[in-house]
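Visitor: Could you walk me through the ligand site of this model?
Guide: Gladly; let's look at the structure together.

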Amino acid sequence: QAANIGVVGLAVMGSNLARNLASREGNTVAVFNRTYAKTDELVTEHPEAGFVPTSSYEEFAAALQKPRTAIIMVKAGAGTDAVIDELLRVFEPGDIIVDGGNALFTDTIRREKAVRETGVNFVGMGVSGGEEGALLGPSLMPGGPDESWATLGPILKSIAAVAEGEPCVTHVGHDGAGHFVKMVHNGIEYADMQLIAEAYDLIRRGTGKSPAEIADVFAEWNRGELESYLIEITAEVLRQVDAATGEPLVDVIVDQAGAKGTGGWTVQTAIDLGVPVSGIAEAVFARSLSSHPEQREVSGELPGWHDADAVPPVRDADAFIENVRLALFASKIVAYSQGFDEIRAGAAHYGWDIDLGAVSKIWRGGCIIRAQFLNRIADAYDAEPGLPVLLTAPYFVEALGRAQAAWRRTVVYAATAGIPAPAFSSSLAYYDGLRAERLPAALIQGQRDFFGAHTYKRIDKPGTFHTLWSGDRTEVEAEDTH
Ligand code: NDP
């Protein structure tokens, strides 16, 4: 029988997404994988899904109702381009190709343009939630043209996660908007994980509590304003005991963090857009630092301030832990605010009409950063859609005010004890940078004018000025270089 949707690429993500689609009323799913053995395995293992297996692109196209809709879930990069070329060979104008892989948004913009010329619609879609999300309900971030959303919307709504009665999918914007938002989601995920890791490290080294005891702390935090999937799984990981050694698993795992690159993309893109995503950047760099064991080995000679391993002991463990909790909450607000700032800037630069409140809502379920907290972000954008800086919304101003003293104390403790807390401290520096009435950027402008005649503006009158530094140091009016 004819299938209403097809999936190409049946590794873990594609096969789970295909099973999710097949489990919904009214869907018949055609499946294709370059290596047929995987197709055969999926179809044999899941007879209940009623898949239509196909062994060539021609057969795949013939199995689909028109207009054809295919979701690609293959290795991002060259694999995606190869599959698009094959599909274009057998598809017709009006058909829809959806790329659900982790594509770089600029690749998606390029692909959308090229595919559009053939009359086929192309949709780059961010998929979050890993393999479990793909099977049970992911958070979906589709871009692409409006016509495709009309066809795809109902199907995607039927397979997405549901948060507070709403499906975690929205038409994010045109061409690369979906993959852009997915990229920033991953950047925020890096920051959130780093902040949690710093909180754990401070509590462990500051109070001497065991991983199991700290698991209890995180479980407790998960009942309050920090409630989130990442806090929940942190408690699970810290509680895990290694069967082979009887040690906490976290002490047996090599302390070098891996990365697949999407956090780095977020930072590179932010640099291009001129957006300070310092929390995300610190998280990416903390992973890089951890992954250079050769440097850390030779650095064993670097002196600390205190003798040997004497971290100043924390006098009141409970009060300290509460400080760390508030520091984590405040730094998290900064990281999310910076991430949304990047989406706002990306939307302005690429001409996407992105509803930031809708984005925060579709992250409430299915994805790794799902959290109660996202409702507060949605509220902030509902109240003021054009909010220039998320953390200036009343709820966040109140929270930051409440957390501030604890946040500062925690950063002071980290610096004094010699415990690295790059995301905590840089978030605080960002906050103080926003608050500052005057920044030393004025001095930087002076330096730039000194060595490069880059000119400056004055606070007291319009125009652009230059001081004759190598002459008599009088000021002259300069041509505006901007
Ligand atoms: P992989 O990224 O490991 O990709 C394997 C799949 O790609 C196989 O089906 C493979 O076919 C196919 N493939 C690779 N190259 C080609 C090619 N040149 N032509 C045709 N097919 C090709 O699979 P995953 O399931 O882990 O991920 C799929 C996509 O989803 C990726 O883009 C990934 O980044 C993204 N993603 C992954 C998440 C995760 O948690 N894993 C979360 C969100 C998105 P064959 O069997 O023939 O080798």
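Visitor: Thanks! Which atom of the ligand is 2.7 Å from an N or O atom in the side chain of lysine 38?
Guide: First, this is a predicted model, where local features need pLDDT of at least 70, side-chain atom pairs count only at pLDDT 80 or more, and totals for chains, interfaces and linings use all residues. Residues are numbered from 1 along each chain as its sequence is written, and side-chain values use heavy atoms, with hydrogens and water left out. A polar contact here is a pair of N or O atoms within 3.5 Å. For lysine 38, the partner at 2.7 Å is an oxygen atom of the ligand.

Visitor: How far is a polar side-chain atom of threonine 35 from an oxygen atom of the ligand?
Guide: Alanine 76 offers a backbone N or O atom at 3.4 Å from a ligand oxygen. Threonine 35 uses a polar side-chain atom, and its distance to an oxygen atom of the ligand is 2.5 Å.

Visitor: How many residues surround the ligand?
Guide: A residue counts if one of its heavy atoms lies within 4 Å of the ligand. Met13, Asn33, Thr35, Lys38 and Val74 are the closest, and the full number is 20.

Visitor: Which helix gives the largest share of that shell?
Guide: Helices are DSSP runs (H or I, at least four residues), numbered from the N terminus. Helix 1 (12-22) and helix 4 (78-90) each supply at least two shell residues. The largest share, 3 residues, comes from helix 4.

Key:
Polar contact = N/O pair within 3.5 Å; in protein donor to acceptor, adjacent residues only side chain to side chain.
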